[in-house]
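User: I've got this one open in the viewer and would like a close look at a single part of it. Could you walk me through it and then tie it to the rest?

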Amino acid sequence: MPGSSRPTVKLVGLLISEELLSAFLFSGRTEVGLYWAGRRCSAFWSLSWGHMSFSSQVRRPSTHSCTLGATFARAVITLPTYVLFFSGILLCARFVRAQSEAPQPPPTPPSTPTAQSPEETNSPELNSRDERPTFKVSVRMVLVRVVARDAQGHAIGTLHKEDFQVFDNRKPQVITQFAVEQPGKSRPPTTNEAPAGQAKMPAVPERYVAFVFDDVHLKFTDLASVRSAADRHLAALQPTDRVAIFSTSGQTTLDFTDDRAQLHSTLQRLLPRPVATNPVPGCPDISYYMADLIQNKNDPQAIAVATQDALNCAFHGDKSQLAAAQPLAMNAASQALVRGDTESHLALGVLKDIVRRIAVMPGQRSIVLVSPGFLTPQLEFDHVESIEHALRSQIIINALDARGLYTVDPAGDIANPAEDALPTGAFVAANKLQYQIASASADADVMAVLADGTGGTFFHNSNDLDEGFRRVSATPEYYYVLAFTPQNLKLDGSFHNLKVMVKSPDKLTLQARRGYYSPTHAADASGQAKQEIEDAIFSQEEMHDLPVQLHTQFFKSSDAGAKLTVLAHVDVRRLHFRKVEGRNRNDLTVASALFDRNGNFVQGSQKILEMRLKDDTLQSKLGSGITLKASFEVKRGSYLVRLVVRDTEGQLMSAENGAVEIP
């Protein structure tokens, strides 16, 4: 087959021609090198121009070719002539090999080609790639949510940026961002009608409330009262409300739902579940408040009271046993501190987890903590961290004191009348009563801090629990979001006290966070961008900084499921581009997410569109814009669609809401 074998024979021949030059250059004798060069030259010319296959050439070598090679070897007697001849052969070989599909590395480095402009290259103008979504702001930006209430307790929204002053460790700060929010403002009713061929628009949940019952610290009488009041309150649930029930013990939970029967059943299962039960008072009987004074603050008065209490209960007031009573008191204080720390740490840890849980719900989000309160000695970082996360996720934490109008019995503890009859019994009883009163007041501090820090409501000192649940379940009519960047902030993790003041002739009461912890490391730009996209995904706030339109379509793939397509149309001509080497450069991150009818995250998708557009493409070929799509396999039901688009150059963002119902 001459037509098919000739190119192969040529290629082999050219490879042999390179060996020809090597035979001469590396042979020990010039004459021997010329001789073998002559023989290989005959093979080269035969393979290049002959019409036989390579195998036939090997089986029947031509005598005439060998004679021609020998004659040629004798004729070439000077080195310059030889080098010139074989250099021409080698140059020809390289030219053909450069056009073959299997190039071999040349023996000498190739010359560098002349650089071309980006417009002359074939690099793609659009490149789209999927990125696995990790739906989980710079820490230097400190957010302060402020609620200003008048004398009647109503939140007002008529203040301006100039009316506020923020102090960080007593140093005035410049408010760089200011906004007035109306979380309680009702939205216009949405229609369920949709264009032909598109999905039906179902009703969308708008408000998510997580009730957290502190069954670790609640006593049965208080728990029974708040349980009944909560049941009455949830009976009037709105169609767009979703409620979840959690407990600090973790033993009673119900995820977000609008099923009143499930909510009622879950409430009835709530019971006190303390971590450490001690039906018999210890000797001495040390409270968590006293233990904190003794162990953490080394308070001499508290140590003296505990020691005298141990002397009375263990040694019947025998002063000769004072040396033995003090270690007994210190040991009891240590055990009480461990029990108290365990319960407080558990409650704060569960609250922190619930903040993370509700942060992924797409709408207005609030938490109602129902508790008698608890101490948090040396745990300030934990609840400040919960406040920080709640602020970033636009979550309001409200609190209800389950004790109602709480009073301390002035008669004190009458469980041990024999000890009270001792000479020092009155001293011990009087001091423990004072500690009990101080503890009752301090227990409520953590609830006030959580509510004030997030712009929530703290309902206390009232037995009207029905009114209490109404207040803590409602969001404030107005609140202000102030932001500032601390100057010369040290990344040492230290606590900074905050104070907010307002310049107004009216007497106003302010609720605001009391402080923050400085970060221990600097935040990077990519991490900030990811956080902004994640925050926008789990929100229902619409933003229109970029020209983006959301469309949804679906087709039934089976009776039980369908393929849902989310289309994001972007008018790229209205984007901001940066010119780099003749191309218009910008990147778009397009994130879409699906939530079920109760607001639970179902699945998400994220794409990165890299644009390196030529001027002509941008001006004339993309007039209709660009459409990106994400597809999801879904089951029958109602879904909320959330679309977020963010660009790199302008750092602008758009967020759109949609809803579909798969029949």
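Which residue lies over the face of Tyr479, and at what distance from the ring centre? Please start there and work outwards through the aromatic rings.

Analyst: Happy to. Keep in mind that this is a predicted model. The residue you're after is Arg145, which lies over the face of Tyr479 at 4.8 Å from the ring centre. Tyr479 belongs to strand 12, which covers residues 479-484.

Move along to Tyr480 and you get to a ring cluster: ring pairs link Tyr480 with Phe164 and Phe178. The count for the protein comes to 12 aromatic pairs. Take Phe164 and Phe178: their ring centres are 6.0 Å apart and the planes make an angle of 45 degrees, so this pair is tilted. Edge-to-face would need over 60 degrees, and stacked would need under 30. Phe164 sits in strand 3 (residues 164-168) and Phe178 in strand 5 (residues 177-181), so their contact ties together parts that are 14 residues apart in sequence. Are the two partners buried or exposed? Phe164 has 5% relative accessibility and counts as buried, while Phe178, at 27%, counts as partly exposed. The cut-off for buried is under 20%, so Phe178 misses it.

At the other end of strand 12 there's another ring pair, Phe484 with Tyr516. Here the centres are 6.5 Å apart and the planes are at 70 degrees, so this pair is edge-to-face. Tyr516 comes from strand 15 (residues 515-517), and the pair links parts of the chain that are 32 residues apart. Both Phe484 and Tyr516 are buried.

Arg145 has a counterpart elsewhere: the charged end of Arg403 sits over the ring of Tyr406, 4.6 Å from its centre.

Back by Phe164, strand 3 runs into a loop that leads to strand 4 (171-173), and Asn169 is found in that loop. Its backbone is worth a glance, since Asn169 has a positive phi, near 50 degrees, without being a glycine. Asn169 has 35% relative accessibility and counts as partly exposed. Gln378 has a positive phi too, about 60 degrees, and is not a glycine either. You'll find Gln378 in the loop between strand 9 (364-371) and helix 11; at 61% relative accessibility, it counts as exposed. For one more backbone feature, check the peptide bond from Cys283 to Pro284: it is cis, with omega near -5 degrees. Pro284 lies in the loop between helix 7 (260-268) and helix 8 (288-296).

Now for some contacts across long stretches of sequence. Past the far end of helix 11 (380-392), Ser393 is found in the loop that leads to strand 10 (395-401). Ser393 counts as buried, at 7% relative accessibility. Its C-alpha is 6.4 Å from that of Asp535, although 142 residues separate the two in sequence. Asp535 falls within helix 16 (residues 525-537), which is also the place of Ile533. Ile533 is buried, with a relative accessible area of 7%. From Ile533 you can jump again: Ala655 is 122 residues away in sequence, yet the C-alpha atoms are 9.3 Å apart in space.

Further along the chain, have a look at the largest cavity, with a volume of about 60 Å³. Four strands each supply at least two residues of its lining: strand 18 (561-570), strand 20 (583-596), strand 21 (601-613) and strand 22 (626-635). Strand 22 gives the most, with 3 residues. The lining includes Val566, Ala568, Val590, Leu628 and Leu643, and also Ser592, Ser605, Lys607 and Lys629. By type, the lining residues divide into 6 nonpolar, 2 polar and 2 charged.

To put all that in context, the protein has 17 helices and 24 strands. Of its 663 residues, 44% count as buried. The protein exposes about 34900 Å², and carbon and sulfur atoms supply 54% of that area.

Methods. Residues are numbered from 1 along each chain as its sequence is written. This is a predicted model: local features need pLDDT of at least 70, side-chain atom pairs count only at pLDDT 80 or more; totals for chains, interfaces and linings use all residues. Side-chain values use heavy atoms; hydrogens and water are left out. Buried means under 20% relative accessible area, exposed over 50%, partly exposed in between (1.4 Å probe, protein chains only). A charge sits over a ring if NZ of Lys or CZ of Arg is within 6 Å of the ring centre and within 35 degrees of the ring normal. On a 1 Å grid over the protein atoms alone, a cavity is a set of points where a 1.4 Å probe fits but cannot get out, and a pocket is an open set with protein on both sides within 12 Å along at least five of seven lines; lining residues have an atom within 4 Å of a point. Grid points are joined across faces, edges and corners, and a volume is the space filled by probe spheres set on the points. Ala, Val, Leu, Ile, Met, Phe, Trp, Tyr, Cys and Pro count as nonpolar, Asp, Glu, Lys and Arg as charged, and the others, Gly among them, as polar. Accessible areas come from the Shrake-Rupley method with a 1.4 Å probe; for residues, only the protein chains shown count as cover.
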